[in-house]
Amino acid sequence: MLLQLNNIFKWVNSGGQRVFLLKDINLEVEEGEFISIMGPSGSGKSTLLNVIGMLDAFDEGEYNFMDESVHTLKEKHRANLYKQYIGFVFQAYHLIDELTVYENLEMPLLYKNMKSSERKAVVADMLDRFNIVGKKDLFPTQLSGGQQQLVGVARALIGKPKLILADEPTGNLNSQQGEEIMEIFKQLNSEGVTVIQVTHSEKNAGYGSRIINLLDGRKIEG
Amino acid sequence: MYKLFLKIATRYLLKNKLYSFINIFGLAIGIASFVLIMIYIKNERSYDKFEGSENVYRAYMDYLVGDTFEAGDAMTYNASGPSLKQEFPEVLDYVRFYYFEKVTFVLGDNIFEQPMGSLADASYFNIFKYPLLKGTKETVLKDPNTVVLSETLARKLFGSEDPFQKTVSAFWDGTEVVLTVTGVMPDPPQNIHFKNNFLISFNTENTWGIFNEHQLKPNWNMNNYYTYIKTASNTNAAQLRQKIIDSDIEEDTEERHNIEPIEDIHLYSNKPYEVEANGSITRIKFLSAIAFIILILSWLNYINLSTTKSLERAKETGIRKVSGAQRPELMMQSLVESILLNMVAIVIALVLTLVLLPLYNNYTGKNLSLEWADIESFLPIFGFILFGMVLAGLYPAIVLSSYSPAKALKGKIKTSTGGLNVRKGLIVAQFLATIILLVGTIVVTKQINFLQNQPIGTNLNQIIALHGEVVSKEVDSLVISKYNVLESELENLSFVKNVAIAQTYPGDSFDNLSSSRGVTLPNGDVDNNNVFYSYHVRPDYFNLVGIEFLAGHTFIPTAAKNYNQVVVNEAFLRLHNITSVNEILGKNLKFWGNSDWQVTGIIKDYHHFGSKRAVLPMIIRNQYDVYNLLIKLDDTAISESGFTNSINQIEKKWNEIFPRSSFNYTFLDKKFQAQYNDDKAFGIAFQVFTLLAILIASLGLFGLTSYTVVQRKKEIGVRKVNGASVAGIMKLLNQDFVKWIALAFIIAVPISLYAMNKWLEGFAYKTNISWWVFALAGIVALAIALLTVSWQSFKAAMANPVESLKEE
Ligand SMILES: Nc1ncnc2c1ncn2[C@@H]1O[C@H](COP(=O)(O)OP(=O)(O)OP(=O)(O)O)[C@@H](O)[C@H]1O
Ligand SMILES: [Mg+2]
């Protein structure tokens, strides 16, 4: 098992009252799954994804990731954990505007203290794989949305993660560009990478093997 | 990884040009100001340091005033040095100086006045470990009629010839001595308080004939000598000082000897009869404060701007975190940026400094420099700057790295109230500093104006003082009669109003003024406590310099015993509680062993030393001696004939009567005003640095508002759509700043009031710090802030709301 959420609660205090963002979430994810999270706007999809990605804390419950109990880990260890095993893809791409395509891809490797020669090889490999060698010296603002998201996915993959978390990765793309990204996910998944994506599109959800529906922070079975 | 940091930083700074410019420019100004002030202060603190200087002290006189002793005279007696050495075993050696403001050197037809030199004991080079280029330190000043010349003076006299063992004539007060050159020393450095261009062996006083027999003997009557002592290196200075104070080597209860470290003289001593006008520790303290304020201001600016800006970069930080960056790495990134920015600023600051130093030197006549040779001594300064810039980079770094990635990725982060308070605090601090500096500038300017506009009791316009040296072997009486001829010939010139001869004049140094104690008043009271000051003039003097009589009149030259006539001033009357002029007018005073000095007049107080000092009690005597020939020129006549032409005519007359002589002249009003030069320079420094501080603060404010306005663009748009007016929006955006400035103002008032009162303590006559000084400072600060802010808020308020809403 890759990860397991047990009775996860997350809330914020607003006007002296607890507002629940996540309520009693239980979830088990096996390695190699392709999961889609769906639900109306504001239902807590992004929140859940962030919790899984350890980008956000939760208030109650247990979270085990690859036999590590995340809820007991210090921030530093948590960061080490996701840095090693998780890649993120965002709706808004979230590339650093001051860096070229090449440098954006290289960045996560720097934080892994990889040697320069190795870095070069890995980045070159990735550029090749995504057919963006010609774009490597351009800055993100010089690319189309689809191209930016390609770079975003490439960056998520560069650290060879076990798990890809994608929050509406196609939300800003036209259907053709979206399909391209989904095909990539499918290909990755077949190579053994676990994928969890948030999506509003039934069609995109169809790429996955399992759908989780959220409503008001609660998982609804069905 | 640092390469990446550097790359991002560079690209970011290049992309955000306005932000980078404001930051770098602000920092550069701050650093340049700091370095400039520090160079100046370092120079001021470097005075009189030489090998063993820590064991060298100057002896001076304390006078009893009322029932406490006050530092009364930087000069001592010719017996002081020998007695101190004899009485106190800690005193290893002494050197005495008899100082000449100028001596006229004559070598064949080469006649010129050389300022600043002394008779000095042979021990000079044993105490002042300055180098000697030619000659032997132990013997150069041993024999009478020998002289050590500065390099420049030697060249002036002998050109490229070797001056060693050559002879030259020196004239002082019309008396000649022939000196043999036994040594050449380097020119005096600029940072010593006692600059000598020549040293004549002390025992030359026996052969020169400028002193009478009585004065030559060791005595406690004529304190015209500067005395420096050298103590054993293990001496407890405080103890020795106490012993000297307690001892009564002179056997005089009205005064006592005291000592002070030579290294402290330049900044801490301001006694009558200083060798040169010294610096002031108060000024140094104020300038240091200003330097630190400006530097800190520019750092606050940096912190404020970069923290605000970092909000915009939350997304980037989030991405980094998601990509595996951890806090230390994020903080390093932020620090690298800060250091990069500061480095650029430092380079610009150094260039600015190098450009400004010559200008500054030109203006002040100093010779300050920033050289690689003494870069080492600037290391602490640069260390401090480095330390500050790391500190300034740290806060934004902490703020930036503390965002949780999930929140950061949502884009714009709402500032936490804590962060907002910090930034408000920074703005308040900036304005606090600005207002304090503004108050300071206004008070300093006001005080200098006050000093200059203070009635000085004289009219020194269009008066020149001729003080050439007559180099002839004629007897004094012949020279005096020639002076008489000259006087009447000058008076006949169309552009000359009046001529008088005087020993000294207002604005001249202490040198030609004698100080004494011991006077018997007409009612028989004897005062041995208080010092009075005295000089002699010819009867026309008072009228010429515009000194008014309260009662009586000037000397009557035709009277019998006219040379015993004196005039006293109001301060003299006050000192002795004389309330009615009749108690003294026409009556006799007794001093200097003479019993019949007849008081012919009482003059109104005038300022002999500018209005920095209180008016001194004076007795002015009637005596004919050839010192300064004061000439009052006629305004209208001068404008007709031209000034240079007039001076040429005067010089011609002078040369006709005294063919072998030097000629030079001084403008009295200029010389008098020169007494305020240091204060004026301080005032200008204050103004310039206040201006810079304001510039830095407004840059910060400009940057900050341009950012907040962008942030609130949508809000402004919504408000406008809902009917808010331009004025209403501007009020909304400006009111915060008004509150902050009000707060800064409230804190600034007591601080600046305290500081400026401290500064004013150094003046005998002070301007008052009225309420409007603060009001003006507050209004200026407010106006500058509102102008800066409104520039931005007006643009925002005028923007088309549809446009700003569409952008979101
Ligand atoms: N820091 C927070 N404080 C208060 N409420 C929050 C916070 N973060 C999220 N929420 C609320 O939690 C709820 C879930 O938000 P979340 O972003 O997970 O929704 P989502 O399902 O991803 O919606 P969408 O499809 O629009 O992206 C929303 O109602 C949101 O307002
Ligand atoms: Mg969402």
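Start with the surface of chain A: select the chain and switch on a surface view. Its accessible surface comes to about 10,100 Å², and 44% of that belongs to carbon and sulfur atoms. Keep in mind as you click around that this is a predicted model.

**Stop 1: the rest of chain A**

Swap the surface for a cartoon. You should be able to pick out seven helices and ten strands in chain A. Now show just the C-alpha trace and turn it around: along its principal axes it spans about 50 × 40 × 35 Å. How does the radius of gyration of chain A fit with a compact globule? For 222 residues, such a globule would have a value near 17 Å, and chain A has 18 Å, so the two agree.

Next, colour chain A by burial. Of its 222 residues, 52% count as buried. Contacts are worth a look too: among those between residues at least 6 apart in sequence, 72% join residues at least 24 apart. Then colour by charge. Chain A has 23 positive and 29 negative charges, and the mean positions of the two sets are 4 Å apart.

**Stop 2: annotated stretches of chain B**

Hop over to chain B. An unreviewed UniProt entry marks several stretches there as "transmembrane region", among them residues 381-404 and 769-789. Select 381-404 of chain B: the span is 88% helix and 0% strand, with its end C-alpha atoms 38 Å apart. Then try 769-789 of chain B, which is 90% helix and 0% strand and has its end C-alpha atoms 30 Å apart.

The unreviewed UniProt entry also gives chain B a "domain: MacB-like periplasmic core", covering residues 20-245 and 492-637. Select 20-245 of chain B and you get 28% helix and 34% strand, with 61 Å between the end C-alpha atoms. For 492-637 of chain B, the figures are 10% helix and 41% strand, and the end C-alpha atoms lie 13 Å apart.

**Stop 3: one leucine**

Zoom in on L733(B), which sits in helix 24 of chain B, residues 726-760. Is L733(B) buried or exposed? Its relative accessibility is 7%, and buried means under 20%, so L733(B) counts as buried.

What does L733(B) touch, leaving out residues up to four places away in sequence? Show V709(B), R712(B), I716(B), V789(B), S793(B) and A796(B) as sticks to see those contacts. To finish, select Q792(B): this residue is 59 residues from L733(B) along the chain, and their C-alpha atoms are separated by 9.3 Å.

Technical notes:
Residues are numbered from 1 along each chain as its sequence is written. Chains are lettered from A and ligands numbered from 1 in the order in which they are written. This is a predicted model: local features need pLDDT of at least 70, side-chain atom pairs count only at pLDDT 80 or more; totals for chains, interfaces and linings use all residues. Side-chain values use heavy atoms; hydrogens and water are left out. Helices (H or I, at least four residues) and strands (E, at least two) are DSSP runs, numbered from the N terminus. The radius of gyration is taken over C-alpha atoms; the globule rule is 2.2 Å times the number of residues to the power 0.38. Buried means under 20% relative accessible area, exposed over 50%, partly exposed in between (1.4 Å probe, protein chains only). Contact means heavy atoms within 4.5 Å. Accessible areas come from the Shrake-Rupley method with a 1.4 Å probe; for residues, only the protein chains shown count as cover. Lys and Arg count as positive and Asp and Glu as negative; His and the chain ends are not counted. The place of a charge is taken as NZ of Lys, CZ of Arg, CG of Asp or CD of Glu. UniProt positions are given in the numbering used here, feature names are shortened, and annotations may be inferred rather than shown by experiment.
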